[in-house]
Amino acid sequence: YQRRVRDSCKNACFFVLLLAISQCYATATVWLSAFGDDSNTGTSSGDAVLSLTRAYALAKGKTNHITLASGVVELQSITLSYDLTIIGESGNPSLSKFVCRTASSSITTNSLQITLNGLSIESCSKPITVGYSSTSASGKARVTNCAFSDNTYDFVYRDGHSTIYVADTVLSGGKSIVSSSRYYSTSRATLTATFANVKFSGMPQSLFDFTSQNSLSLDLNITQCTFSAPKQTLDTAWIAIDSSTQSLRLDRVTFVGPVGTSKCGVSVSDSAKAYIVDSSFQDHSGAPALCVSKQAKVNVAGSEFLGNEGNSTVNGAPIGAAISLSDATLAVGGTTFRRNSVFGQAGGAGIYCFNGALTVGQSTLTYNRAAEDAADACWGCKVVAFSNTINRNSAGPNPHACGLDS
């Protein structure tokens with residue numbers, strides 16, 4: 001009996017020791033605060049350091065973890081020599097904030113990983129730089145529950161294989177979400193970027209513009225996100241890709257606006273590929289909401305195009321309202337086109353097709369409107385069509401109609 005008691009006591013003590021050690025490692029961090037001092041140890045909120053450079057000097061190779069206290073701290077340039085995690089003290093991005101006093105300040109990963117959670121970054125030129133000037137590098141950025149606003153570029157990728165993962169975050173203002181560094185060639189760059197449950201808004205220029213980066217190998221995945229510019233006049237595209245080495249997947253994504261733009265909302269061209277599932281394109285005017293051209297291949301399934309307006313007199317915008325297809329391949333299934341319209345041009349309010357391979361099945365096109373010389377549902381090339389519902393559109397029979405009901 002006494003032996004069993006001794007063994008039980010030993011096991012209990014060992015368990016308590018392990019628990020204490022695990023808690024120690026779990027809470028090990030360097031505290032960073034606007035009210036700190038770089039002569040402090042950084043081991044507690046009351047003994048926080050003042051600068052990011054000092055915090056990283058204390059954290060690297062040890063805790064590799066920084067806690068940003070509530071308040072506003074300058075984002076300083078650091079280059080990682082160890083993986084680094086920075087979290088906001090409360091988990092509320094509006095309370096723990098980095099701002100750039102020097103616009104070019106950036107956290108550069110090289111071949112390591114930066115992880116951010118529960119904080120915000122504002123007014124920087126390029127706050128996160130991923131990758132390195134070497135094909136062997138594999139830099140990563142993981143951002144969750146954050147807010148980025150009024151940065152020129154939120155992320156810059158360089159040579160090598162860069163990975164960017166952003167979730168449960170708000171990205172607003174600024175110029176663009178992702179850009180290549182002008183100091184490095186994209187001829188040997190690979191970028192895998194995933195955005196999940198992210199809200200994009202207030203962007204004066206194209207958010208994801210990968211045009212003229214033909215040598216970039218791109219895999220862009222966007223899931224359960226919202227691109228919002230309702231009734232805003234912005235001559236900008238949401239997403240543009242234009243190379244056979246670039247692919248895009250949209251899953252449960254909502255696009256709203258902008259208006260009066262000469263650029264397509266989403267543009268896929270020059271042999272690029274896109275897969276669009278359960279997504280919504282709404283109230284886009286000027287150019288079409290989706291453009292597919294120059295040997296690109298796009299599949300659209302279970303999606304909707306609602307209230308888009310096409311007007312090619314707006315700075316030479318492409319023809320069409322919901323979708324424009326030109327010299328490319330498009331397959332549409334289980335998709336709704338409703339209340340789209342074209343003005344002052346020939347072309348389809350639902351789909352405009354010029355010399356393309358078009359398949360449309362099990363889709364509904366209703367209440368679409370076109371000028372007298374245009375086709376309301378689909379205009380242009382012949383189509384492989386099956387099980388579509390076509391009714392209550394404005395125009396009558398047109399010789400240029402695709403024949404979606406045949």
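This passage describes the overall make-up, the strand pairing and one buried serine of a predicted model.

The chain has 406 residues, and 50% of them count as buried. Its secondary structure consists of two helices and 40 strands. Distant parts of the sequence meet often. Among contacts with a separation of 6 or more, 71% join residues 24 or more positions apart. The accessible surface of the chain is about 17300 Å². Carbon and sulfur atoms contribute 50% of that surface.

Strand pairing was examined next. In general, the strands of a sheet pair through backbone hydrogen bonds, in either the parallel or the antiparallel sense. One open sheet in the model holds seven strands. Their order is S17-S20-S23-S27-S31-S35-S38, and the pairing is parallel. Strands S17 (208-209) and S38 (378-380) form the edges of this sheet. Each of these two strands pairs on one side only. Within the order, S20 is followed by S23. Strand S20 spans residues 239-241, and strand S23 spans residues 266-268. Three bridges join the two, which run parallel. Ala-240 has Ser-267 in S23 as its bridge partner.

Parallel pairing also links strands S16, S18 and S21. Strand S16 covers residues 189-201, and strand S18 covers residues 217-223. Seven bridges connect S16 and S18. In this pairing, Thr-192 stands opposite Asp-219 of S18. S18 also pairs with strand S21 (residues 246-251), here over six bridges. Leu-218 has Gln-246 in S21 as its bridge partner. S18 thus has parallel pairings with both S16 and S21.

A local site was then considered at Ser-106. This residue lies in a loop. The loop runs between strand S6 (96-99) and strand S7 (107-108). Ser-106 counts as buried because its relative accessibility is 4%, under the 20% cut-off. Its side chain makes a polar contact of 2.7 Å with the side chain of Thr-129. Thr-129 also appears among the residues in contact with Ser-106 beyond four places in sequence. The others in that set fall into two runs of the chain. Gln-76, Ser-77 and Ile-78 are in contact with Ser-106. So are Lys-126, Pro-127 and Ile-128. The buried loop residue Ser-106 therefore touches residues from 76 to 78 and from 126 to 129.

Note on methods: Residues are numbered from 1 along each chain as its sequence is written. This is a predicted model: local features need pLDDT of at least 70, side-chain atom pairs count only at pLDDT 80 or more; totals for chains, interfaces and linings use all residues. Side-chain values use heavy atoms; hydrogens and water are left out. Helices (H or I, at least four residues) and strands (E, at least two) are DSSP runs, numbered from the N terminus. Buried means under 20% relative accessible area, exposed over 50%, partly exposed in between (1.4 Å probe, protein chains only). Contact means heavy atoms within 4.5 Å. Accessible areas come from the Shrake-Rupley method with a 1.4 Å probe; for residues, only the protein chains shown count as cover. A polar contact is a pair of N or O atoms within 3.5 Å; within protein, one must be able to donate a hydrogen and the other to accept it, and residues adjacent in sequence count only if both atoms are side-chain atoms. Two strands pair if DSSP finds at least two bridges between them.
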